[in-house]
Amino acid sequence: MGQVYVLDHPLIQHKLTFIRDKSTGTKEFRNLVQEVAMLMAYEITRDLPLIEVQTETPVATATTKVIEGKTLALVPVLRAGLGMVDGILTLIPNAKVGHVGLYRDPETLQPVEYYCKLPPHVEERDVIVVDPMLATGGSAAAAITAVKERGATAVKLMCLVAAPIGVEKVQEAHPDVDIYVAAVDEKLNDHGYIVPGLGDAGDRLFGTR
């Protein structure tokens, strides 16, 4: 079973407080989401393999380390996932970016894929699916399915805030996928919003309602 990692670094938790705050405006909200995503990327890449290389410093030859082999692919779930990408790219500028678009069928309430574009050789990459909210888990599970169907074998999920039912849904559908979150909240309300949550991440990122 994939692990659930709650990233409790003080900077992440501090910034998450202001992301939650309903008085935080669009510009500040967007900046904070990018900053938290960058800090989370630092943690999510902790297990990347390293190899030793020889480096000529101004003084001598040193045995140093670089990341081995695989390059990263970021796959934000449209649209809210876009708000986390620039923060991650600040830390990992060589990462490739794909996109998965989903909408909810009004009758079945199930997620339906309408767009998926991934970097080449996705089977050789470590893929991080990115979405600020893990509510029911339906969209996240469908997004992970979409990247796996196109060849991805090493997939992680990064979210800001999750509800327990969403975590369970993803673990049930994809037991091989580790989940990284800044917080696991109490529950979903009757409208499918995470409680206490942070509202609608997409609307707050892009100034829509």
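This is a short talk on the fold, the surface, the cysteines and one lysine of the protein above.

Good morning. One thing before we start: this is a predicted model.

Let's take the overall build. The protein chain has 6 helices and 13 strands. How compact is the chain? Its radius of gyration is 18 Å. The globule rule gives 17 Å for 209 residues. Those two values are close, so the chain is as compact as a globular protein of that length. Now look along the principal axes. The C-alpha trace spans about 65 × 40 × 30 Å.

Next, the inside. What share of the 209 residues is buried? The figure is 44%. Then the contacts. Take those with a separation of 6 or more. Of these, 63% join residues 24 or more positions apart in the chain.

Now the outside. The accessible surface comes to about 11,100 Å². Carbon and sulfur atoms hold 53% of that surface. And the charges? The chain carries 20 positive and 27 negative ones. Take the mean position of each set, and the two points lie 5 Å apart.

On to the cysteines. How many disulfides does a search of the whole structure find? The count is 0. Let's see why, starting with Cys116. The closest cysteine sulfur to its own is in Cys159, 17 Å away. That is too far for a bond, because a disulfide needs the two sulfur atoms within 2.5 Å. Cys159 gives the matching picture: it is in no disulfide, and its nearest cysteine sulfur is that of Cys116, 17 Å off.

Are these two cysteines buried or exposed? Remember the cut-off: buried means under 20% relative accessible area. Cys116 has 18%, so Cys116 is buried. Cys159 has 0%, so Cys159 is buried too.

Last stop, Lys96. You will find Lys96 in strand S5, which covers residues 96-97. Is Lys96 buried, exposed or in between? Its relative accessibility is 42%. The partly exposed class runs between 20% and 50%, so Lys96 counts as partly exposed.

What does Lys96 touch, leaving out residues up to four places away in sequence? There are Leu72, Ala73 and Leu74. There are also Pro119 and Arg125. Now compare Lys96 with another lysine, Lys156. Along the chain they are 60 residues apart. In space, their C-alpha atoms are separated by 15 Å.

That's the tour. Thank you.

Conventions
Residues numbered from 1 in each chain as written. Predicted model: local features only at pLDDT ≥ 70, side-chain atom pairs only at ≥ 80, totals over all residues. Heavy atoms only, no water. Helix = DSSP H or I, 4+ residues; strand = E, 2+ residues; numbered from the N terminus. Rg over C-alpha atoms; globule rule 2.2 N^0.38 Å. Buried < 20%, exposed > 50% of the residue type's maximum accessible area, 1.4 Å probe, protein only. Contact = heavy atoms within 4.5 Å. Areas by Shrake-Rupley, 256 points an atom, 1.4 Å probe, with all protein chains shown as cover. Lys, Arg positive; Asp, Glu negative; His and termini not counted. Charge placed at Lys NZ, Arg CZ, Asp CG, Glu CD.
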